[in-house]
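Reader: I have a sequence and a model in front of me. Please show me how to read it, one feature at a time.

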Amino acid sequence: MGQRLIGAIEAGGTKFIAAIATEDGTILDRARIPTLTPDECFPQVAAFFDAAAAAHGPIAGFGVASFGPIDIDPTSSTYGTFTTTPKPGWSGARFHDVLGRFGAPIVVETDVNGAALGEWQSGAGKGCTTVAYTTVGTGIGSGVVRAGKPLMGFSHYESGHIPLPHDPTADPFAGHCPYHGDCLEGLASGPAIAARWGCSLSDLGDPAAIDLIASYLAVLAANLVLLHMPDRLIFGGGVMKSPGLIPALRRATEARLAGYVKAPQIDPGLERYIVAPALGDDAGITGAIALGRRALG
Ligand code: ZN
């Protein structure tokens with residue numbers, strides 16, 4: 001007997017990846033759809049899944065890993081709805097509006113929770129019980145997965161906005177966050193780096209700048225350890241591709257932890273503990289398929 005079919009969406013700020021896959025994760029078909037506005041994007045998403053269902057069979061469950069902020073509380077009446085996103089047209093848009101017509105259960109998570117789940121299942125977090133995945137790019141966010149379940153409180157975590165020790169003599173940049181100024185995202189995200197230095201960290205190629213950004217990210221890394229005790233920390237996103245940043249983050253995190261947390265997971269030098277993602281560009285859609293598998297029950 002054939003496997004049940006999963007519909008998956010990786011919803012990013014510039015593009016959606018929609019895919020139909022079997023339960024074992026084999027992708028049968030996929031499409032790239034510009035995010036634009038919901039009025040432009042959602043009909044193309046519906047058309048893709050209509051055609052996919054006609055070609056392969058009925059879709060039994062949907063998994064969505066999306067940009068946010070978005071309501072990911074399954075008990076909420078607005079589950080799957082974008083909340084305060086500044087992206088024009090998306091505030092109030094709901095994934096159920098486009099996927100509800102297929103009559104299948106829908107699981108919606110944040111993009112970082114989806115990527116965390118994908119990496120836990122078949123990437124750099126394979127074999128771990130608890131994994132924290134952090135993206136450092138246009139924004140900064142962390143997803144924590146324990147035994148295949150993304151954690152949350154009344155909403156998803158906002159690790160990008162933690163306050164930091166900020167020494168204005170070492171780093172006179174005031175910060176880029178419209179809410180907090182010099183929170184983590186305000187000091188270390190891609191746009192903050194571009195505003196401070198006029199280029200990306202990779203293009204700057206300055207070891208002192210690498211160490212400065214690493215020192216900020218190490219505050220988050222240490223807090224992830226202290227709050228969640230993950231078996232591994234995965235750091236991805238465009239900024240993390242800067243040469244030397246992951247080694248600098250390992251050094252800064254180890255210094256900040258100061259030997260307080262002793263566990264076999266936390267190796268000297270943190271080379272096994274702090275790692276890059278293994279799935280690359282497929283982390284998001286892999287996670288969305290994993291969410292779709294949860295939708296199947
Ligand atoms: Zn902030």
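The dialogue below goes through domains, sheets, helices, a metal site and two residues.

Author: One point before we start. This is a predicted model.

Reader: Fine. Which domains does the chain have?

Author: The domain assignment gives two entries. Domain 1 covers 5-111 + 281-295, and domain 2 covers 124-276. Their centres, taken over C-alpha atoms, are 28 Å apart. As for contacts, seven residues of domain 1 touch four residues of domain 2.

Reader: Next, sheets. How do I read one, and what is the strand order in the sheet that holds strand 1?

Author: Start with the general idea. Strands of a sheet pair through backbone hydrogen bonds, either parallel or antiparallel. Here, the order is 3-2-1-4-5 in an open sheet of five strands, and the pairing is mixed. Strand 3 and strand 5 (106-110) are the edges; each has a single partner strand, so one side of each lacks a neighbour in the sheet. From one strand to the next, the twist averages 15°.

Reader: Which sense does the pairing of strand 4 and strand 5 take, parallel or antiparallel?

Author: Parallel. Five bridges link strand 4 (residues 59-66) with strand 5. To find the register, look at Ala65: its bridge partner in strand 5 is Glu109.

Reader: What packs on this sheet?

Author: Take two helices. Helix 3 (residues 111-122) packs on the sheet and touches strand 4 and strand 5; its direction makes about 100° with that of strand 5. Helix 9 (residues 283-296) also packs on the sheet. Helix 9 touches strand 1, strand 2, strand 3, strand 4 and strand 5, and its direction makes about 135° with that of strand 4.

Reader: Now the antiparallel part. How many bridges join strand 1 to strand 2?

Author: Seven. Strand 1 (residues 5-11) and strand 2 run antiparallel. A hairpin of three residues connects strand 1 to strand 2. For the register, find Ala11 and its bridge partner Phe16 in strand 2.

Reader: And what is on the other side of strand 2?

Author: Strand 3 (residues 27-34). Strand 2 pairs with strand 3 over seven bridges, again antiparallel. Ala18 stands opposite Ala31 in strand 3. The hairpin of strand 2 and strand 3 has four residues between the strands, and there Gly25 takes a positive phi near 95°.

Reader: Why is strand 2 said to be largely enclosed by the rest of the structure?

Author: Count its buried residues. Seven of the eight residues of strand 2 (residues 15-22) are buried, so the strand is largely enclosed.

Reader: What is the strand order in the sheet that holds strand 6?

Author: The order is 8-7-6-9-10. The sheet is open, has five strands and shows mixed pairing. Its edges are strand 8 (149-150) and strand 10 (274-275), each paired on one side only. Strand 6 (residues 130-136) pairs antiparallel with strand 7 (residues 140-146) over seven bridges. Within that pair, Val131 has Val145 of strand 7 as its bridge partner. Helix 7 (residues 207-228) lies across strand 6, strand 7 and strand 9 (232-236), at about 25° to strand 7.

Reader: Which protein donors does the zinc ion have?

Author: His161 (ND1), Cys177 (SG), His180 (ND1) and Cys183 (SG). They lie 2.1 to 2.4 Å from the ion. In sequence, the spacing reads H-x15-C-x2-H-x2-C.

Reader: Why is the arrangement called tetrahedral?

Author: Check the angles. The four donor atoms subtend 104 to 119° around the zinc ion, so the arrangement counts as tetrahedral.

Reader: Are these donors buried or exposed?

Author: Look at two of them. Cys177 is buried because its relative accessibility is 9%, with the cut-off for buried at under 20%. His180 has a relative accessible area of 43%, so it is partly exposed.

Reader: Last, single residues. Where does Leu201 lie?

Author: In helix 6 (residues 201-204). Leu201 is buried, at 3% relative accessible area. Beyond its neighbours within four places in sequence, Leu201 is in contact with Ile193, Ala209, Ile210, Ile213, Val239, Ser242 and Leu245.

Reader: And where is Arg196?

Author: In helix 5 (residues 190-197). Arg196 is buried too, with a relative accessible area of 16%. Leaving out neighbours within four places, its contacts are Asp171, Phe173, Leu187, Leu212, Ile213 and Tyr216.

Technical notes: Residues numbered from 1 in each chain as written. Predicted model: local features only at pLDDT ≥ 70, side-chain atom pairs only at ≥ 80, totals over all residues. Heavy atoms only, no water. Pairing = 2+ DSSP bridges. Contact = heavy atoms within 4.5 Å. Axes fitted to C-alpha atoms, helices over the stretch in contact; angles between N-to-C directions. Donors = N, O, S within 2.8 Å, 3.2 Å for Na, K, Ca; no water. Tetrahedral: all angles 85-135°; square planar, octahedral: opposite > 155°, others 65-115°. Buried < 20%, exposed > 50% of the residue type's maximum accessible area, 1.4 Å probe, protein only. Domains from an automatic or database assignment.
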